[in-house]
Amino acid sequence: MQFQQLTYFVAVAETRHFTRAAERVHVSQPSLSQQIKALENELGAELFSRARGNIALTDAGEALLPLARRILADADTARIEVQELAQLRRGRVRLGATPSLCTGLLPDVLRAFHDRHRGIQLLIEEGGSHDLVRELARGALDLALIVLPLPAASPALTTIELLQEDLVVVSSAAEAPPGSGSSVRIDDLRDAPLVMFRHGYDLRELTVAACRAEGFEPAFTVEGGEMDAVLGFVRAGLGVAVVPSMVAARARDLRVTPLARPGLRRTIALAHRSDVDPPRAARELQRVLLSIGTGQRGPV
């Protein structure tokens, strides 16, 4: 049974005339009749009564007609939906990102993408880079924004560097930052009360490693929070925190102080599985991310 045969059958059923049906579907009348006969042979029953030149549906034809219409309608719906997906009118993107990137980078990126493709559903998962890489590997995400370097190479992933971002020190508006200058040295954090992220945060590992490289263990007044919680604790005067510059730019009620040279920077990359091409909508979001990353990328 072929879609073409069902199309011809419905045309004859609705016009009750083989010649007019052939004109409707733009084929010759003998070709249409041949296909209808082939369909009847396939089904093992006559679909039309042709007595005295009048065309009428048999019981088998009456039973087939609503089913044929439904099959053809479903096929048309499938064609339209695939076309819409290909043209980015519908679809979804599953994007993973670290919490700091969800706060700092993603709002503007997703706004730009949504303005262009309002029919695309965006599913966002927050997590540390290690967790996001694992989710990519098992196929639960299409793309992920992660922090490099990863502790272990992952040959199953393709990573594209987007930008390098400076880290800064934030403190409450009522309190002076550590140190006495216009910038904060890592050593100035030796005696400073630090608000620290939970274990698994890339920022925690980077900050602690920088302090240890200066020969000291940082002291935490509060630890274990997510990004919003850390900013709230700093706002309440519980200590200072080292955060990405894009996050600090959105925290307008906090004092922001750069780190003294050479400072701390982190590398943001976009990752996807090497063995599977991202869906069309995900590739478009990747294009938007790459264009924004190019605009914000600083000197290496």
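**View 1. Pro-262 in the loop between strand 10 and strand 11 of the predicted model.** Pro-262 belongs to the loop that runs between strand 10 (254-258) and strand 11 (265-273), and the peptide bond leading into this proline from Arg-261 is cis, with omega near 5°. A cis peptide bond is also found between Leu-148 and Pro-149, where omega is about 0°; Pro-149 is likewise a loop residue, placed between strand 5 (143-148) and strand 6 (157-172).

**View 2. Positive phi at Arg-16 and His-26, each a residue other than glycine.** Arg-16, with phi near 55°, sits in the loop between helix 1 (3-15) and helix 2 (18-25), and its relative accessibility of 36% makes it partly exposed. His-26, with phi near 65°, is placed in the loop between helix 2 and helix 3 (29-43), and this histidine is exposed because its relative accessible area, 72%, is over the 50% cut-off.

**View 3. The buried side of helix 6 (residues 106-116).** The buried residues of helix 6 are Leu-106, Val-109, Leu-110 and Phe-113. Around the helix axis they span an arc of only 90°, and therefore they lie on the same side of helix 6. The general background is that an α-helix has 3.6 residues a turn, so residues three or four places apart point the same way.

**View 4. The buried face of helix 7 and what it packs against.** Ser-129, Leu-132, Val-133, Glu-135 and Leu-136 are the residues listed as buried in helix 7. When helix 7 is considered down its axis, these buried residues fall within an arc of 160°, so they line one face of the helix. The elements against which they pack are strand 3 (91-97), strand 4 (120-126), strand 5, strand 6, helix 8 and strand 11. After helix 7 comes Gly-139, a residue whose phi is positive, near 85°.

**View 5. Surroundings of Ser-129 in helix 7.** Ser-129 belongs to helix 7, which covers residues 129-137, and the serine is counted as buried because its relative accessibility is 0%, under the 20% cut-off. When neighbours within four places in sequence are left aside, the residues in contact with Ser-129 are Thr-98, Ile-146, Val-147, Leu-150 and Asp-202. With Asp-202 there is also a polar contact, made between the two side chains at 3.1 Å.

**View 6. Strand 7, helix 8 and strand 8 as a β-α-β crossover.** Strand 7 (residues 194-197) is covered on both faces, since Leu-194 and Met-196 on one side and Val-195 and Phe-197 on the other are all buried. From strand 7 the chain passes through helix 8 (residues 202-213) to strand 8, and the resulting β-α-β crossover is right-handed. The two strands pair in the parallel sense over 4 bridges, with strand 8 covering residues 220-225; within this pairing, Leu-194 stands opposite Phe-220 in strand 8.

**View 7. Two buried cysteines, Cys-102 and Cys-211.** Cys-102 has a relative accessible area of 18% and is therefore buried, the cut-off being under 20%, and Cys-211 is buried as well, with a relative accessible area of 0%. A search of the whole structure for disulfides finds 0 of them.

Note on methods:
Residues numbered from 1 in each chain as written. Predicted model: local features only at pLDDT ≥ 70, side-chain atom pairs only at ≥ 80, totals over all residues. Heavy atoms only, no water. Disulfide = S-S within 2.5 Å. Buried < 20%, exposed > 50% of the residue type's maximum accessible area, 1.4 Å probe, protein only. Polar contact = N/O pair within 3.5 Å; in protein donor to acceptor, adjacent residues only side chain to side chain. Contact = heavy atoms within 4.5 Å. Arc of directions from axis to C-beta. Pairing = 2+ DSSP bridges. Right-handed = clockwise from strand over helix to strand, strands pointing away.
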